[in-house]
Amino acid sequence: MHSLTASFVLGYHGCDEETAEKLLNRQPFIESKNAYDWLGAGIYFWEANPDRALVWAEGLAAKKAKNGLIVAPAVVGAAIDLGFCLDLITANGITALKKSYEDLVLAFADIGAVPPVNSGGNDLGARNLDCAVINYHHATRRREGLSEFDSVRGVFTEGDPIYPGAGFRQKTHIQICIKNHAMIKGVFRVPKGHFSNL
């Protein structure tokens, strides 16, 4: 939990085309607050990965009968200052989150309940436990009067191996969850050259 992470990154936000136009016209991002969000409540970006943002939006569009959130998949880019980052790619961030998990388990035990669980197979599509732990970590810092995080950053190894016996996965990515809206310094239309030929 520090500012050692490279501060400015390019993030890519998958969304509906209509939402993209609103964001490009300076309307604010809306935080995701689902119980299964991988990095807790906030605004989500794929770090340096417009292709994954587009694939995600296309996947949601394919399920539009269920949710109606995305009709025409689109991606907007953003210049992001990570600021004070809960960086789960560092030993410091991982240690802090492990402690919050232990505290969360005790809090649930005190009321005779069990914490949520992650589900969804190898890719753990619904991260209910991770979301609860991260949100609990933020709440604890607020309650104790400690500095709040501007962002959360995590790496996710997801998908099938890219070749037999590989340690690399097809959908591995770094995701960013922005807590402090002021850290989004600018939004831009993603040039076609930022996408690979998927």
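In this predicted model, Asp103 and Lys99 form a salt bridge whose closest N and O atoms are 2.8 Å apart. The two residues sit four positions apart in helix α4 (residues 91-110), a separation of about one helical turn. Both partners are partly exposed, Asp103 with a relative accessible area of 23% and Lys99 with 45%. Salt bridges with shared partners also join Glu47, Asp87 and Arg153 into one network.

Within that network, the side chains of Arg153 and Asp87 meet at 3.1 Å, N to O. Arg153 belongs to strand β7 and Asp87 to strand β4, so this pair ties together parts that are 66 residues apart in sequence. Arg153 and Asp87 are both buried. The structure holds eight salt bridges.

Helix α1 offers a further example, with Lys22 and Glu18 paired at 3.6 Å, N to O; the two lie four residues apart in the helix. Here Lys22 is partly exposed at 37% relative accessibility, while Glu18 is exposed at 53%. Glu18 also takes part in the capping of α1 (residues 17-24), as a side-chain oxygen of Asp16 lies 3.1 Å from the backbone nitrogen of Glu18 at the N-terminal end. Just after this helix, Arg26 adopts a positive phi of about 70°.

Turning to the aromatic residues, the structure holds four aromatic pairs. One of them joins Phe84 and Phe149, with ring centres 4.6 Å apart and planes at 15°, so the pair is stacked. Phe84 lies in the loop between β3 (73-81) and β4 (85-87), and Phe149 in the loop between α5 (128-143) and β7 (151-156), so the contact ties together parts 65 residues apart in sequence. Phe149 is buried, at 4% relative accessible area. Elsewhere, Arg127 lies over the face of Trp38, 4.2 Å from the ring centre.

Terms used: Residues numbered from 1 in each chain as written. Predicted model: local features only at pLDDT ≥ 70, side-chain atom pairs only at ≥ 80, totals over all residues. Heavy atoms only, no water. Phe/Tyr/Trp six-rings, centres within 6.5 Å; stacked < 30°, edge-to-face > 60°. Buried < 20%, exposed > 50% of the residue type's maximum accessible area, 1.4 Å probe, protein only. Lys NZ or Arg CZ within 6 Å of the ring centre and 35° of its normal. Polar contact = N/O pair within 3.5 Å; in protein donor to acceptor, adjacent residues only side chain to side chain. Salt bridge = Lys/Arg side-chain N within 4 Å of Asp/Glu carboxyl O.
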